2 protein chains.
Amino acid sequence: MSQKHTATSDGVYEKLKEQILHLELPPGAAISEIETAEKYNISRTPVRDAFKRLEREGLLEIRPHIGTFISLIDLNAVSDILYIREVLEYSVLSDLSQIYDKSQDLRIQLILQQQKELLESDMPIDELSRAFINSDNEFHTALFDAAGKRNVIKFLYSYNSQYERFRTFINFNGKEDLQKLYECHLKIWDSIVSKDLAALKDCINHHLYDGINASSDIISKTPEYFTKIHS
Amino acid sequence: MSQKHTATSDGVYEKLKEQILHLELPPGAAISEIETAEKYNISRTPVRDAFKRLEREGLLEIRPHIGTFISLIDLNAVSDILYIREVLEYSVLSDLSQIYDKSQDLRIQLILQQQKELLESDMPIDELSRAFINSDNEFHTALFDAAGKRNVIKFLYSYNSQYERFRTFINFNGKEDLQKLYECHLKIWDSIVSKDLAALKDCINHHLYDGINASSDIISKTPEYFTKIHS
DNA sequence: AGTCAATGACTTGCATACAAGAAATTTAAT
DNA sequence: ATTAAATTTCTTGTATGCAAGTCATTGACT
């Protein structure tokens, strides 16, 4: 499965995506095909492919004959994704609580233990954030997997680039948020095992929405990263 | 808003997509860049752009240095989409039943009336199918719209090409299926207006899954259109 | 100085030539 | 006849040149 085939195009796609999600390429910044091609010593063609792909994911905005720009963070889109995630996650996890058997406990416990250790470590905050977010994604993937709904979360991940970027933005804030996330994970798993659906619903709603509420002050510090809200 | 900008690429994309969804380009068939470019009197570049886009939607399979093929209908993917749709649709529509006010009734009634007239008309079956499916999509869009969740259904539609193709496949079967669909629509709207959530859930599940159950015999007539199921 | 048209420096869209890989076909040797 | 290597012919991937659109700058004219 080494799939050498479109190494150049895929490579620049992944590098760009990582830089955009980590905000190293900040929202609103201009980025040109030629410039990028020269940077990676390739031609415009694979760069164009990567650009188009990133545009479809909502991470780039290509304005023909004008330029290409890192898209602003669209809080409405983030809110939509959160709604979709909340609904699907509750449905899948309440299914899981019905069919749950002890054999899957190990994998979850392992991830939770890993997160605990992360929080106790003394990494620099931005490195910790990335590692914790990765582990968070692993946690949710493991849950969907256990429920036999692997494709559902793959589908969600294919659509939540905007949300990912938003998360890396707010998690730069502090370690307390990550601590809260971890505690939520414990509660979620508890309510699945104990089949407490009301508690589960409560957890999921808070888990996802907490960030967006607590962050309005952070957002106002770099308003140029965000699209205007006209709800 | 005339947006002339990428007319060539977008044009061939839409033409190809329509042909694929209508099964005029049958699953498994080979389709090459050069051949397509010559057919539309354009160069390979915009064709390639369209191909990549269709590949992302799961409608094409590009095998580098070998060829490009119309993807087979993946029943597992269809099933996944149906699950996602069912969960989201129930959530959105039960929200709608809470906030529903009479002012939105007109638009829905108009669409339902239109569907009734379609069924009473004497169009050829394949033309009727297309028209009815379009109207079906309008119906669901109007519902999501009324619930203030326009983006959620846009998101769903961006991901359900496989399902669309499957539907055009099974609806070639007969007019009775369309009649059933119409009756389901009536029931769905009734249960929203009367706030009968249990009936609503029942309708949605049946509405979406009915097709896939009733069609196993049709599928076996052209098994080469479908991927092998190894569940 | 102010106004407006021409120009030049960018951008991305499109066309085309070539490179590289895969598979069928041919050709030569046994 | 069989087998295997060479070749031919497909395919898509990549590089590059040109076309066309947008915007800022420049410069002539009033």
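Which element supplies the largest share of the surface near DNA strand D? Keep that in mind while looking through the close-ups below, and note that this is a predicted model.

**View 1. The protein surface that faces DNA strand D.** The answer to the opening question is α3(A), which brings three residues to the surface near DNA strand D. Helix α3 of chain A has company here: α1 (7-21) of chain A, along with α3 (44-56) and β2 (67-70) of chain B, each give at least two residues as well. So much for elements; now for residue types. Sorted by class, this surface holds 10 polar, seven nonpolar and four charged residues.

**View 2. Who gets nearest to DNA strand D.** There are 21 residues around the strand, and the ones that come nearest are A:Thr8, A:Ser43, A:Thr45, B:Arg44 and B:Arg48. On the DNA side, 63% of the strand D atoms that come within 4 Å of the protein belong to sugar and phosphate. Take A:Ser43: an N or O atom in the side chain of this residue sits 2.6 Å from a phosphate oxygen of DNA strand D. Over on chain B, the side chain of B:Thr68 has an N or O atom 2.9 Å from a phosphate oxygen of DNA strand D. B:His65 uses its backbone instead, with a polar backbone atom 3.2 Å from a sugar or linking oxygen of DNA strand D.

**View 3. Chain A meets chain B.** Here 22 residues of chain A touch 22 residues of chain B. Together the two chains bury about 2,100 Å², with 65% of that area on carbon and sulfur atoms. Look across the interface of chain A and chain B and you'll find four salt bridges by the rule used. One of them joins A:Asp49 to B:Arg48, whose closest N and O atoms are 3.3 Å apart. The rule also picks out 10 residue pairs in polar contact across this interface, both residues at pLDDT 80 or more.

**View 4. The side of chain A that touches chain B.** Three helices of chain A, α3 (44-56), α4 (75-99) and α7 (150-157), each supply at least two residues to this side. The largest share, eight residues, comes from α4(A). By class, the side of chain A that touches chain B has nine nonpolar, eight charged and five polar residues.

**View 5. Two domains within chain A.** Chain A splits into domain 1, covering 3-70, and domain 2, covering 75-225. Their C-alpha centres lie 28 Å apart. Where the two domains of chain A meet, 12 residues of domain 1 are in contact with nine residues of domain 2. The pair buries about 1,000 Å², and 57% of that area is on carbon and sulfur atoms. Half of what domain 1 buries against domain 2, 50%, comes from A:Leu21, A:Leu23 and A:Pro27, more than any other three residues supply.

**View 6. A closer look between the domains of chain A.** Just one salt bridge turns up across the interface of domain 1 and domain 2 of chain A. A:Glu24 and A:Arg130 form a salt bridge, with their closest N and O atoms 3.0 Å apart. Four residue pairs in polar contact are found across this domain interface, both residues at pLDDT 80 or more. On the domain 1 side that touches domain 2, α1(A) gives the most, with three residues. That side of domain 1 counts seven nonpolar, three charged and two polar residues.

Conventions:
Residues numbered from 1 in each chain as written. Chains lettered and ligands numbered in written order. Predicted model: local features only at pLDDT ≥ 70, side-chain atom pairs only at ≥ 80, totals over all residues. Heavy atoms only, no water. Contact = heavy atoms within 4.5 Å. Buried area = accessible area lost by both parts, 1.4 Å probe. Salt bridge = Lys/Arg side-chain N within 4 Å of Asp/Glu carboxyl O. Polar contact = N/O pair within 3.5 Å; in protein donor to acceptor, adjacent residues only side chain to side chain. Helix = DSSP H or I, 4+ residues; strand = E, 2+ residues; numbered from the N terminus. Nonpolar A, V, L, I, M, F, W, Y, C, P; charged D, E, K, R; others polar. Near = heavy atom within 4 Å. Domains from an automatic or database assignment.
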